[in-house]
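Subject: Structure for your review

Dear colleague,

Please find below the sequence and the structure that I am handing over to you. My notes on what was found follow directly after them.

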Amino acid sequence: MEHIKNKKNIITGIICALLLICTCLIYTDAYKSFTAYGNKKVTIGVFSDSYWEVQNGYSYQILEDAIKIFEEKYPNVKIEYVSGILKEDYTEWLSEQLLSGNAPDIFFVLSEDFNDFAEIGALKDLEVLIEQDKEFHREKFYSSAYEYGQYNETQYALPYECAPKLMFVNKTILDREGLKIPNNEWDWNEFYKICEKVTKDTNGNGIINQFGVIGYTWKEAFESNGVKLFDQRGKECFLADKNVEPALIFIEKLTELNSGYNITTKDFDLGNVVFQPMSFSEYRAYKPYPLSIKKYSSFEWECIPMPSGPHGENISTLDTLCIAMNKNTKSTQYAWELMKILTCNTQIQSEIFNYSEGVSVLEEVTKSDKTLQHLIEESGNSNSLNLEILSDAVEHAVVAPRFRIYDEAIEEVDKAVNSIIDGNSNIRMEQIIWNRKINKFLKK
């Protein structure tokens, strides 16, 4: 009996000691170094160069700053990433990691890869995390950028940075021709009249050397005339839509102004073209940073919204880099917290204007006085920047339908448009014929 009693005392002593230790651990937060709160790791997939195809020596700066914020909040969780992966190699690298089961917990998703990864089930559905997180406010994002992370109306990614397409205007030519820069609500009629007036031979040698526009294609015309090419799931094409024909006729009219001359970007660079649609990221890349030169130093230029068609609005496309979560991650909550810091934290989002060429996906950051001052200092020209135009272009941008063969479907439409414009047949009939062909392609 004495032996049993001593044994019970020993057990009781051990239990008391363990309770005391647990109390101390909880009191000192030391419990976070054990079990579920222990030293954890979250991995992130990232590429080393700029998403916007621009030389950039700060490719990891924003990520490193986000990691610092995260690790201050969660000191026992380490963030790891593989450095040195070029954007051109990133898709292949990430695909191999997904196939082998070694994919990062979260990763950047190139716009051209999003549909494929969502279709094969590689991305985690974020809807539950979003609904349960009272600190997450989707309304802080530009709605178009936020929608970019959706597939079949489900949120699979959060937007990180974006860039809308705007119309860039050679103000020097307009001044020389006695023309005013269009306002923000200009339309195709004004666009064509300006192009018609400025397209001419300025040196008397019989060859046209000043032009209206370069780079304005059927895509811009369709977008600005209210054309919806496909349904959301890519099951049906609407090339026979009534708003398509005016867009095709308009593109044909613009092309005829050049009398067969093939305008190149060099013509715009030399100051011989009035209009060119351009991504805002491209605009920023042409400023002094990081090469300390201005590409367009021979003329003044400004950016305005795209012209509207008779059945559309002053809108254009938006390119967005997103961040998604690995469907098979074992660190869901920590991965989610890091995603939020990268996409929702105003400090981190403001750094996009310092270390990248894109635009913040948060309206309060993009429209801030700090952002305006930075862009003015970067460009050296306060007249060429209007944050209201930039912000409106992002908010009202067109988001293309999300389905896996979207790029291939667009190629089919491109073939159709070129065939219709180059041919002599009835446009309406050609629309119907090509629409049937593309619908057959989609059903395959």
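I begin with one pairing: Ile44 has Ile106 as its bridge partner in β3. Please bear in mind throughout that this is a predicted model.

**The strands around β3 and β10**

The partnership of Ile44 with Ile106 belongs to the pairing of β1 (residues 40–45) with β3, two strands that run parallel and are joined by 2 bridges. Strand β3 (residues 106–109) also pairs with β10, here in the antiparallel sense and over 4 bridges. Two positions show how β3 and β10 are matched: Val109 has Cys322 as its bridge partner, and Phe107 stands opposite Ala324.

Strand β10 has a further antiparallel partner in β6 (residues 157–170), with 7 bridges between them. Within that pairing, Pro164 is bridged to Leu318. How many of the residues of β10 are buried? The strand spans residues 318–325, and 7 of its 8 residues are buried. For reading the side chains here, it may help to recall that in a regular strand they alternate between the two faces of the sheet.

**The chain as a whole**

The protein chain has 444 residues, of which 49% are buried. Its secondary structure consists of 20 helices and 11 strands. Among the contacts with a separation of 6 or more, 74% are between residues 24 or more positions apart.

**Nonpolar cores**

The largest nonpolar core has 88 residues. Which of them touch the most other members? They are Tyr90, Ile106, Phe108, Trp336 and Leu342. Ile106 is thus a residue of this core as well as the bridge partner of Ile44.

Leaving out residues up to four places away in sequence, Trp336 touches Leu126, Leu129, Ile130, Asp133, Phe136, Leu158 and Met325. Apart from this core lies another, of 45 residues, which include Phe191, Val227, Phe230 and Tyr406.

**Aromatic pairs and charges over rings**

A search of the whole structure finds 25 aromatic pairs. One of them is formed by Trp186 and Phe275, whose ring centres are 5.2 Å apart and whose planes stand at 35 degrees, a tilted arrangement. This pair links distant parts of the chain, 89 residues apart: Trp186 lies in the loop between α7 (171–176) and α8 (188–198), and Phe275 lies in strand β8 (residues 273–279). Both Trp186 and Phe275 are buried.

Why is the pair of Phe191 and Tyr216 edge-to-face? The ring centres are 5.1 Å apart and the planes lie at 70 degrees, so the pair falls into that class, for which the angle must be over 60 degrees. Phe191 is in helix α8 and Tyr216 is in the loop between β7 (211–213) and α9 (218–224), with the two positions 25 residues apart in the numbering. Phe191 and Tyr216 are buried too. The residues of both pairs belong to one aromatic cluster, made up of Trp186, Trp188, Phe191, Tyr216, Phe250 and Phe275.

Two lysines place a charged end over an aromatic ring. Lys253 does so over the ring of Tyr192, at 4.3 Å from the ring centre. Lys437 sits over the ring of Trp434, at 4.3 Å from the centre of that ring.

**Two buried serines**

Ser316 lies in the loop between β9 (301–304) and β10. Its relative accessibility is 4%, so Ser316 counts as buried. A polar atom of the Ser316 side chain lies 2.5 Å from the backbone oxygen of Lys165. Not counting residues up to four places away in sequence, Ser316 touches Lys165, Glu223, Met306, Ala397 and Val398.

Ser279 is found in strand β8. Is Ser279 buried or exposed? Ser279 is buried because its relative accessible area is 19%, and the cut-off is under 20%. The side chain of Ser279 makes a polar contact of 2.8 Å with the side chain of Ser281. Setting aside neighbours within four places in sequence, Ser279 is in contact with Ala163, Pro164, Lys165 and Phe168. Lys165 therefore appears in the contacts of Ser316 as well as in those of Ser279, and Pro164, a contact of Ser279, is the residue bridged to Leu318 in β10.

With kind regards

Methods
Residues numbered from 1 in each chain as written. Predicted model: local features only at pLDDT ≥ 70, side-chain atom pairs only at ≥ 80, totals over all residues. Heavy atoms only, no water. Buried < 20%, exposed > 50% of the residue type's maximum accessible area, 1.4 Å probe, protein only. Pairing = 2+ DSSP bridges. Phe/Tyr/Trp six-rings, centres within 6.5 Å; stacked < 30°, edge-to-face > 60°. Lys NZ or Arg CZ within 6 Å of the ring centre and 35° of its normal. Core = buried A, V, L, I, M, F, W, Y, C linked by side-chain atoms within 4.5 Å. Contact = heavy atoms within 4.5 Å. Polar contact = N/O pair within 3.5 Å; in protein donor to acceptor, adjacent residues only side chain to side chain.
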